[in-house]
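Visitor: Got a minute to walk me through this one? I'd like to go over the strands, the salt bridges and any pockets.
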Amino acid sequence: MSLDPKIAARLKRTQDGLVPAIVQQHDTGEVLMLAWMDDEALHRTLTTGRATYWSRSRGEYWIKGDTSGNVQWVKSVSLDCDGDTILLKVDQVGAACHTGDRTCFDAGVLDAVRGHDDEGAGTRAGDRS
């Protein structure tokens, strides 16, 4: 079996045939990680209920949780309007990041100027004043 041709036709891939997949906790909206999928990884994800990715560093497929136990159970899969990004909503069991952190974005907030908000425009994200 292979990816449904109607879905495949909507995908815009990198030169390597990959599409970025943003992974989000289905019930809280927490962004967990970014990974890469090709047509086969997306097909496996859609047909097994387990998040499957393409490892660019290892050059092989990996099913999230097969070695770590930190499984991602798929709840929904969407494509963005351009077909160049996949949004995977999952039920994450344990840590999503290979470092053991809950998300791959737990390393801290970068210092950046914030746009307009109720507390005032032009303040730094880390400022408390």
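Guide: Sure, what follows is a quick tour of a predicted model, taken a topic at a time.

Visitor: Let's start with strands. How do β1 and β2 run, and how many bridges join them?
Guide: They run antiparallel, with six bridges joining β1 to β2. The two form a hairpin with five residues between them. Glycine 29 sits in that turn, with a positive phi of about 85°.

Visitor: And in what sense do β1 and β6 pair?
Guide: Parallel, over five bridges. Glutamine 24 stands opposite lysine 89 in β6.

Visitor: How many residues of β1 are buried?
Guide: Six of the seven, so β1 is largely enclosed by the rest of the structure.

Visitor: Back to the hairpin. Which residue in β2 is the bridge partner of isoleucine 22?
Guide: Leucine 34. Leaving aside neighbours within four places in sequence, leucine 34 is in contact with Pro20, Ala21 and Ile22. At 45% relative accessibility, leucine 34 counts as partly exposed.

Visitor: How far is leucine 34 from arginine 58 in space, C-alpha to C-alpha?
Guide: 16 Å, and the two are 24 residues apart in sequence.

Visitor: OK, switching to salt bridges. How many are there?
Guide: The count comes to five. One of them pairs arginine 102 with glutamate 30, where the closest N and O atoms are 3.1 Å apart.

Visitor: Which parts does that pair tie together?
Guide: Arginine 102 is in the segment after β6 and glutamate 30 is in the loop between β1 and β2, so the salt bridge ties together parts that are 72 residues apart in sequence. Arginine 102 is partly exposed, at 31% relative accessible area, and glutamate 30 is partly exposed too, at 29%.

Visitor: What about the salt bridge between arginine 44 and glutamate 40: where do those residues lie?
Guide: Both lie in helix α2, residues 39–48. They are four residues apart, about one turn of the helix. Their side chains meet at 3.0 Å, N to O. Arginine 44 counts as partly exposed at 30% relative accessibility, and glutamate 40 counts as partly exposed at 25%.

Visitor: Which residue forms a salt bridge with aspartate 66?
Guide: Arginine 50, with the closest N and O atoms 2.9 Å apart. The pair links distant parts of the chain, 16 residues apart: aspartate 66 is in the loop between β4 and β5, and arginine 50 is in the loop between α2 and β3.

Visitor: Is arginine 50 buried or exposed? And aspartate 66, buried or exposed?
Guide: Arginine 50 is buried, with a relative accessible area of 18%, which is under the 20% cut-off. Aspartate 66 is exposed at 51%, which is over the 50% cut-off.

Visitor: Last topic, pockets. What volume does the largest pocket have?
Guide: About 470 Å³. It is lined by 22 residues, and the closest to its centre are Met33, Arg58, Trp62, Lys64 and His98.

Visitor: Which strand gives the largest share of the lining?
Guide: β2, with four residues. β2, β3 and β4 each supply at least two residues of the lining of the largest pocket.

Visitor: How do the residues of that lining divide into nonpolar, polar and charged?
Guide: Ten are nonpolar, eight are polar and four are charged.

Visitor: Great, that covers my list. Thanks!

How values were computed. Residues are numbered from 1 along each chain as its sequence is written. This is a predicted model: local features need pLDDT of at least 70, side-chain atom pairs count only at pLDDT 80 or more; totals for chains, interfaces and linings use all residues. Side-chain values use heavy atoms; hydrogens and water are left out. On a 1 Å grid over the protein atoms alone, a cavity is a set of points where a 1.4 Å probe fits but cannot get out, and a pocket is an open set with protein on both sides within 12 Å along at least five of seven lines; lining residues have an atom within 4 Å of a point. Grid points are joined across faces, edges and corners, and a volume is the space filled by probe spheres set on the points. Ala, Val, Leu, Ile, Met, Phe, Trp, Tyr, Cys and Pro count as nonpolar, Asp, Glu, Lys and Arg as charged, and the others, Gly among them, as polar. A salt bridge is a side-chain nitrogen of Lys or Arg within 4 Å of a carboxyl oxygen of Asp or Glu. Buried means under 20% relative accessible area, exposed over 50%, partly exposed in between (1.4 Å probe, protein chains only). Contact means heavy atoms within 4.5 Å. Two strands pair if DSSP finds at least two bridges between them.
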